[in-house]
Amino acid sequence: MRVVEKAARSYDAAIIGSGFASTFFLYRYLKHAPPNARVLVLERGKWHTHADQIEMGHPSEIHESTTWVDKGPKQNLRWKFTIGFGGGSNCWWGNAVRLHPSDFKLKTKYGVGLDWPIDYDDIEPYYCEAEEVMQLSGPRERMLWPRSRPFPQPPHTLPLADRLLKEAYPEHHFAAATARPSRDTATRPKCCSNGVCHLCPIDSKFSILNSFMEPYEDARVEILLTAEARAIDVQGGQARGVMFRRNGQEYEVSADLVVLGANALFNPVIMQRSGLDHPLLGRRLHGSYSEYGEALLDGVDNFQGSSIICGMNYAKYDGDFRREHPSVLLETWNRGALRAEHGKWRQVVPFTLKLEDLPQDRSHVRLAHPDDDLPEVLYDELSPYTAKAVNRALQFAEEILSPLPVEGLRWLPSPDTIGGPHIYGTTMMGTDPATSILDANQIHHQVRNLVVVGSGSFPAGSQSNPTLTICAVAMKAADKIGAPA
Amino acid sequence: MNKRPTKPTGEGAGFNRRNVLIGGAGVAGLGALGIGGSFLFYSPARLVERIVRTHLPGLDITEEDMARFVADVIAADTDTSGTEWIALRLLGPYANSPPFRWMAPGFISRRLKNYERRVMNEFMMGSDFFDTYAQGNPKVTYAGLYSVYEAPCADPLPRFSDETEMVKKS
C-alpha cells in the first residue's frame, strides 16, 4: 500500500474520497486499467485504525456535524458519515439491502417521484458482486425480487417475534440482508448483536479497512491523506485535474479521469466551486422518514436473534398504494430496552418504521459563496406525499405487527425522523441533461471524463438502505469508463 | 463468552449533593420536606434499591452486591438532571401508590417509569438475572454494569444458529 506524503504532477485517474462509492469504483476500474496506470486517491480525513476509533469513541477526529451548516429553522438534521479513510464504511450499521425493482420506476408505475435512468436488471450482477465482497448474510428463500446468486452467508437466527411474523408473512418478512456476518469470515468475527454497529466493538461488520483493502494494495494506487478536494479544474468541457487543500496549502494535480466520491453533501459544492453550474445542482436533496417504536407483547419472550437489526418487513413496501402514500419498510430489532414489568422482561419488539420521501427542488445544499468552506443545507420538511402519510405511521405499524400479540405500541424519541440517515438527489442521474446532472452511468452530461459517484446521484431515494446500490452503480460506472470504446 | 468485568463503585453521596444543588429553586422546598425525615423522600441510593426490590420480590442478593450496583448506577447516570432527581426522589416512596400515580402530572410519572425501566435494565444486564431469577432461582449475583466495549458479546440473550449446528454435529 502506498500512502504518499506528496502527490505526483499527473495521474491517469484522481479519485476523491475513499468510502463505499469511490472504493467500489476503484475496484472495478483497476480491472480495466493498464499495468502502468497511476491512480491517486485523495482522502480528506486521516487513517484511523479500528483500535484508534474505539479509543476516540468516534470513527474520526473530525466530527461530521462540524463540516456543514443546517439552515433549516428546526436544525434537526442528524446525518452521520465519516471523514476518514474508508468513509461511511466505518460508521454504517451494515444493512445492505437491494432496492425493489419498482423503486427504479416510481413515475412510470405509480405516477409519483422520478424514474431512474437504469433498471434493477442493469445492476443485478453488480449487486451480486458487492454482496460477495461484503460476505453478506441474508435469507435463503426467494425474496420479492429476482436474484441470480444466493447470499454468501446464511441468515442470522431470527428472534421469536420475527419467526411469528415470518409465519404470518411468508413472502414479505425476511431475515435482514446484512454485512454483519452470521459466520466468521476470513477477516472478521461473526456478529454477536452488541447493538452499537456505528462503532462495532469487535470489528465484525464489513468495512473497507477490515475487509476490502485489495484496491488500495494495488501497486498502481497511491493514497494521499488529509487532502481536501476543493474543486475540479474544468477547461474546455474536460476535467483536467483536482485542486485540493492539505495542511493549509493549496495544491493541484492533473488527471485524465476525475472521480468525485466525497458524498451527497460535498460532491455538489465541489462542483459548484468548479463552475459546473446547473439549475438542479445541489437541489432535490432528500432522504427518508424514520420513526422508532416498540411493541409490547403479551406472552412472547423475544431477543433470541443473533444480530441487532434482525427482520425486514415488506408487507407495505410495493403496490398500487404508492400512488397515494409512500412505501413502508419496517425493521425489527433484536435489542432494545427490556421491560420493567415482572415476567415480561423480554416481551417487546423494538422497530423502525421507514417511509420513502420524494425529492423537492426547494431542499438543497450549496455554498453561500464559492470560497466558503462549509456547505449550507436546507431540508426542513418532507414532501407533501410523505408528510401526509406521517400521521398514518402508527396505523401502518399496528397493521404490520398485527399478527403478534401486541398489548401496547408507542413511539420512542427519534432524533432523526426527517432526513433519516441517508442523503440523496443532489447530483441526480437522468437521461435529459436539462433535468439531471449525470447520465445513467454517473458520468457528467457535459464533462465526459468526470464521474460523480454515491447516493447523490439517486433520482429517488428509497427508504431502503442505499449502500449496496451505491456500490453496484459505482461498479457499473467503472465498467462503462473502462470498457473498450 | 467474555467474563464481565467488575466496575469500580461510584460515589453516590457526591452525586446526590451536586444534583440537589443543580435543582435550584426546588432546593428550598426539598429542604423543608427533608426536615420531616427520609420517609418523605428517598436518597438516590434508596430509590435505586427500592426500585430493584419492588420489581423483583423475593430477590436474594448480598448487601455488598446491592450496594455496589446502586453506587455504579448512580455514578454512571450523567443525564438525569437535578430537578428530575428531586422529582424522582419525592415520588419514589409513593411510586406504587395508585392514587399518587393518578394524581402525578403525566410527565413526572412517565419520567419515573422511564427511570425504573432504566434501573431494571442495568440490573438485569449487569447480573446473572437471566440465568437465575428469570429461571425461578432468586439468588442473583451482580457482576458490574454491562458495557459492550469492556465486555463485548456478553449479552446473555442472543442465540447463534451456527452453534446449534455444531451441537447437532457433535
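Helices and strands are taken here as DSSP runs, of at least four residues for a helix and at least two for a strand, numbered from the N terminus. On that basis, chain A of this predicted model contains 11 helices and 18 strands.

A good place to begin is the overall form of chain A. A compact globule of 485 residues would have a radius of gyration near 23 Å, and the value of 22 Å found for chain A agrees with this. Along the principal axes, the C-alpha trace spans about 70 × 45 × 40 Å. Buried positions make up 54% of the 485 residues. Among contacts in chain A with a separation of 6 or more, 74% are between residues 24 or more positions apart.

The interior comes next. The largest nonpolar core has 135 residues, and Ala14(A), Phe25(A) and Ala474(A) are those with the most contacts inside it. Helix H11(A) provides the largest share of this core, 10 residues. A second, separate core of 29 residues includes Val52(B), Ala87(B), Leu88(B) and Val119(B). In general, nonpolar side chains tend to be buried together in soluble globular proteins. Returning to Ala474(A), its contacts, leaving aside residues up to four places away in sequence, are Ala21(A), Phe24(A), Phe25(A) and Val453(A).

Helix H11(A) itself covers residues 467-482, and at 1.5 Å a residue its 16 residues should span 22 Å; the end C-alpha atoms lie 23 Å apart, in agreement with that expectation. Because 13 of its 16 residues are buried, H11(A) is largely enclosed by the rest of the structure.

Strand E12(A), residues 328-333, is also worth a visit. Six of its six residues are buried, so this strand is largely enclosed by the rest of the structure. Val328(A), Leu330(A) and Thr332(A) point one way from E12(A), while Leu329(A), Glu331(A) and Trp333(A) point the other way. Such an arrangement follows the general pattern, in which side chains of a regular strand alternate between the two faces of the sheet. The buried set thus takes in Glu331(A) and Thr332(A) alongside Val328(A), Leu329(A), Leu330(A) and Trp333(A).

The pairing partners of E12(A) can be followed residue by residue. Strand E11(A), residues 309-313, pairs with E12(A) in the antiparallel sense over four bridges, and here Met312(A) stands opposite Glu331(A). Strand E13(A), residues 348-356, is likewise antiparallel to E12(A), with five bridges between them; in this pair Thr332(A) faces Phe351(A).

Elsewhere in chain A, three strands form an open sheet in the order E4-E15-E14, with mixed pairing. Its edges are strand E4 (69-70) and strand E14 (364-366), each of which pairs on one side only. E4(A) runs parallel to E15(A), residues 376-378, and two bridges join them. Within this pair, Asp70(A) stands opposite Val377(A).

Finally, chain A meets a partner chain. Contacts between the two involve 22 residues of chain A and 18 residues of chain B. The chain A side of this contact has 10 nonpolar, 10 polar and two charged residues.

A single helical position rounds off the description. Glu398(A) belongs to helix H10(A), residues 393-400. With 13 other C-beta atoms within 10 Å, Glu398(A) is partly exposed. Its C-alpha atom is separated by 20 Å from that of Ala176(A), which is 222 residues away along the chain.

Terms used:
Residues are numbered from 1 along each chain as its sequence is written. Chains are lettered from A and ligands numbered from 1 in the order in which they are written. This is a predicted model: local features need pLDDT of at least 70, side-chain atom pairs count only at pLDDT 80 or more; totals for chains, interfaces and linings use all residues. A residue is buried if 20 or more other C-beta atoms lie within 10 Å of its own, exposed if 12 or fewer, and partly exposed in between; C-beta atoms are placed from the backbone. Two strands pair if DSSP finds at least two bridges between them. The radius of gyration is taken over C-alpha atoms; the globule rule is 2.2 Å times the number of residues to the power 0.38. Two residues are in contact if their C-beta atoms, placed from the backbone, lie within 7 Å. Ala, Val, Leu, Ile, Met, Phe, Trp, Tyr, Cys and Pro count as nonpolar, Asp, Glu, Lys and Arg as charged, and the others, Gly among them, as polar. The expected span of a helix is 1.5 Å times one less than its number of residues. A nonpolar core is a set of buried Ala, Val, Leu, Ile, Met, Phe, Trp, Tyr and Cys residues joined through C-beta atoms within 7 Å.
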